Amino acid sequence: MTSRYRSSDQYNALSPRRRSVVKAAAATAVLAGPLAGALPARAVDAAPAFLHGVASGDPLPDGVLLWTRVTPTPDAVPGSGIGPDVEVSWTVALDKAFMNVVAKGSTTATAASDHTVKADIRGLSPATDYWFRFSAGGTDSPAARTRTAPAADAPVANLRFGVVSCANWEAGYFSAYRHLAARGDLDAWLHLGDYIYEYGSGDYGTRGKVVRPHAPTHEIVTLADYRVRHATYKTDPDLQALHTKAPVIAIWDDHEFANDTWSGGAENHTEGAWAARQAAAKQAYFEWMPVRPAIAGTTYRRLRFGKLVDLSLLDLRSFRSQQVSVGNGEVDDPDRTLTGRAQLDWLKANLKSSDTTWRLVGNSVMISPFAVGSLSADLLKPLAKLLGLPQEGLALNPDQWDGYTDDRRELLAHLRSNAIRNTVFLTGDIHMAWANDVPVDAGTYPLSASAATEFVVTSVTSDNLDDIVKVPEGTVSAIAAPVIRAANRHVHWVDTDRHGYGVLDITADRAQMDYYVTSDRAKQDATSRWTRSYRTRNGTQKVERTYDPV
């Protein structure tokens, strides 16, 4: 391949308004001590350094987005707003030894972007493994593998994606990422939200024990706060390892902002103007994540993988109406929205126009309807807490699609009326694993039709039901799962208790999710094992169990 030389300065430019926000944050906080907690101890010994790893994301047939953060001087810690400009070069090669270089260039890392760097590389070949690294001041970053998407018209035989969500630093170690990284067979991995958590130390579920404190220790509110929390997560060795093995495709959910975020606020937001906090969270997210927004300030966008997969990624926080109390009929109000009008129209158009075999939807909250059923009070209360339900228990979670039924009815009716097949929702958020049909009418299912299917992955570390109740793993699920399934006939399987990840394998004949669980989130050397697999066959719109992982 002919070498290509292209500058990526345009991907790092910040507006004067954004630069002023950074300066204001730096001027109003005492930064040096608390922010140093976001860096390993070696940060004070040598610079420049690549202490937060490298990553790639949003693969295209001809390109991929590369990311890193450089520490130019020992005091230029994340969120500080200080530190000199430093030239950062990047190199892309076909081999790990970088003997066959196909692209290189440079850009400038500045305090205005928290010394994060993005390079949107183009001119690459489809469905090809590449290696990349960054360099600054004579120091090289770790080398990492990435992979481009297949050509749009390519007859792809197989794709394999890791699928994760909900990683709470304080609750444990990210061994799920380590086990995904060790596979070496992923085309990409999907992070479906809650990549970070915003709470103060000890304020969010850890079974009563903070396994490892995060920085800053207080709830994050300002731009500097969000930058430090992202930086803390990016020092995790298992997360760094996964980022070096395959490109990530990420969307946000609420905890990248605050709990139960909606367009005008959040359940636990009391600190100043919401618009300022939301803007700070979004700026830090796009600085620290290898995400290429199709529309500025959102994570909804579309990626294609040959003739096999069309992937629509949603932003279900920026445009939604405020959550309502259950039982008052407002969940059916057609003037309330989860997606916003423009995004719902965009999604419907994507699904209708797609000519691929499978239509995947990266979806941060569960679309399948959910009724609690007749759980006993001792189980209903922790379930209600986890789902955000009143503790007396009513048949929906107003933070999910259940709280915005008009959007869901419109979308499912669109799938049915246009005979759109093979739509699979990939979902996180709920800290449980599910395999669901998505019924047009849950009340009459299975006599009524299924419009799509849904695979929900459990949390990497965030509290499951057994963690909330503080009982041995599997205890709650043994009791709750049969009751949930009896009240929700479209639910083929639910596991309320375990942590882990999914591996989605797709061929022309079927889309299969293999569910894996990790042994102990509080142990760095936690093991992983396969637990269940479910698939949907081409043309069926229904889930079935299969008894072996791919």
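**Figure 1. Trp 169 and Phe 174, a buried aromatic pair.** Both Trp 169 and Phe 174 are buried in this predicted model. Their ring centres sit 6.2 Å apart and the planes meet at 85°, so this pair goes down as edge-to-face. Zoom out a little and the two belong to one aromatic cluster, together with Tyr 177, Trp 189 and Tyr 233. Across the model, the tally of aromatic pairs comes to 20.

**Figure 2. Arg 212 over two rings.** What lies over the face of Trp 169? Arg 212 does, at 3.7 Å from the ring centre. Arg 212 also lies over the face of Phe 174, here at 4.7 Å from the ring centre. So this view takes in one arginine and two members of the aromatic cluster, Trp 169 and Phe 174.

**Figure 3. Thr 461 and the residues around it.** Thr 461 belongs to the loop between β18 and α10 (465-469). Is Thr 461 buried or exposed? With a relative accessibility of 0%, Thr 461 counts as buried. Leaving out residues up to four places away in sequence, Thr 461 touches Cys 166, Ala 167, Asn 168, Ala 171, Gly 172, Tyr 173 and Phe 174, plus His 499 and Arg 521. One of these, Phe 174, is the partner of Trp 169 in the edge-to-face pair of the opening figure.

**Figure 4. Trp 493 against Tyr 515, an aromatic pair between strands.** Back to ring pairs: Trp 169 and Phe 174 are edge-to-face, with planes at 85°. Trp 493 and Tyr 515 are edge-to-face too, with 4.8 Å from centre to centre and 65° between the planes. This pair ties together distant parts of the chain, with Trp 493 on strand β19 (residues 491-495) and Tyr 515 on strand β21 (residues 510-518), 22 residues apart. Trp 493 is buried at a relative accessible area of 8%, and Tyr 515 is buried as well, at 3%.

**Figure 5. Helix α4 packed on helix α6.** Two packed helices are described by the angle between their axes and the distance between the axes. For α4 (residues 223-233) and α6 (residues 274-288), the angle is about 35° and the axes are 8 Å apart. The crossing of α4 past α6 is right-handed. On the α4 side, the residues in the contact are Leu 223, Tyr 226, Arg 227, His 230 and Ala 231. Facing them in α6 are Arg 277, Ala 280, Ala 281, Gln 283, Ala 284, Tyr 285, Glu 287 and Trp 288. Sorted by type, the contact between α4 and α6 has 8 nonpolar residues, 2 polar and 3 charged.

**Figure 6. Two cis peptide bonds, at Pro 216 and Pro 446.** The bond from Ala 215 to Pro 216 is cis, with omega near -15°. Pro 216 sits in the loop between β11 (188-191) and α4, the helix that packs against α6 in the previous figure. The other cis bond in this figure runs from Tyr 445 to Pro 446, with omega near 15°. Where is Pro 446? Look in the loop between β17 (433-439) and β18 (450-456).

**Figure 7. Positive phi at Asp 429 and Gln 541.** Asp 429 isn't a glycine, yet its phi is positive, about 80°. Asp 429 is in the loop between β16 (423-427) and β17, and its relative accessibility of 14% puts it among the buried residues. Gln 541, not a glycine either, has a positive phi of about 60°. Look for Gln 541 in the loop between β22 (528-537) and β23 (543-546); like Asp 429, this residue is buried, with a relative accessible area of 12%.

**Figure 8. Ala 111 beside the wider chain.** Ala 111 is in the loop between β5 (101-109) and β6 (116-121). At 14% relative accessibility, Ala 111 counts as buried. The C-alpha atoms of Ala 111 and Gly 79 are separated by 8.7 Å, with their positions 32 residues apart along the chain. For context, the protein chain has 11 helices and 23 strands, and 62% of its 550 residues count as buried. Among contacts with a separation of 6 or more, 72% are between residues 24 or more positions apart.

Technical notes: Residues are numbered from 1 along each chain as its sequence is written. This is a predicted model: local features need pLDDT of at least 70, side-chain atom pairs count only at pLDDT 80 or more; totals for chains, interfaces and linings use all residues. Side-chain values use heavy atoms; hydrogens and water are left out. Axes are lines fitted to C-alpha atoms, for helices over the stretch in contact, and angles run from 0 to 180 degrees between N-to-C directions. Helices (H or I, at least four residues) and strands (E, at least two) are DSSP runs, numbered from the N terminus. A crossing is left-handed if the near helix is turned anticlockwise from the far one by less than a right angle, and right-handed if clockwise. Contact means heavy atoms within 4.5 Å. Ala, Val, Leu, Ile, Met, Phe, Trp, Tyr, Cys and Pro count as nonpolar, Asp, Glu, Lys and Arg as charged, and the others, Gly among them, as polar. Rings of Phe, Tyr and Trp (its six-membered ring) pair if their centres lie within 6.5 Å; planes under 30 degrees apart count as stacked, over 60 as edge-to-face and the rest as tilted. Buried means under 20% relative accessible area, exposed over 50%, partly exposed in between (1.4 Å probe, protein chains only). A charge sits over a ring if NZ of Lys or CZ of Arg is within 6 Å of the ring centre and within 35 degrees of the ring normal.
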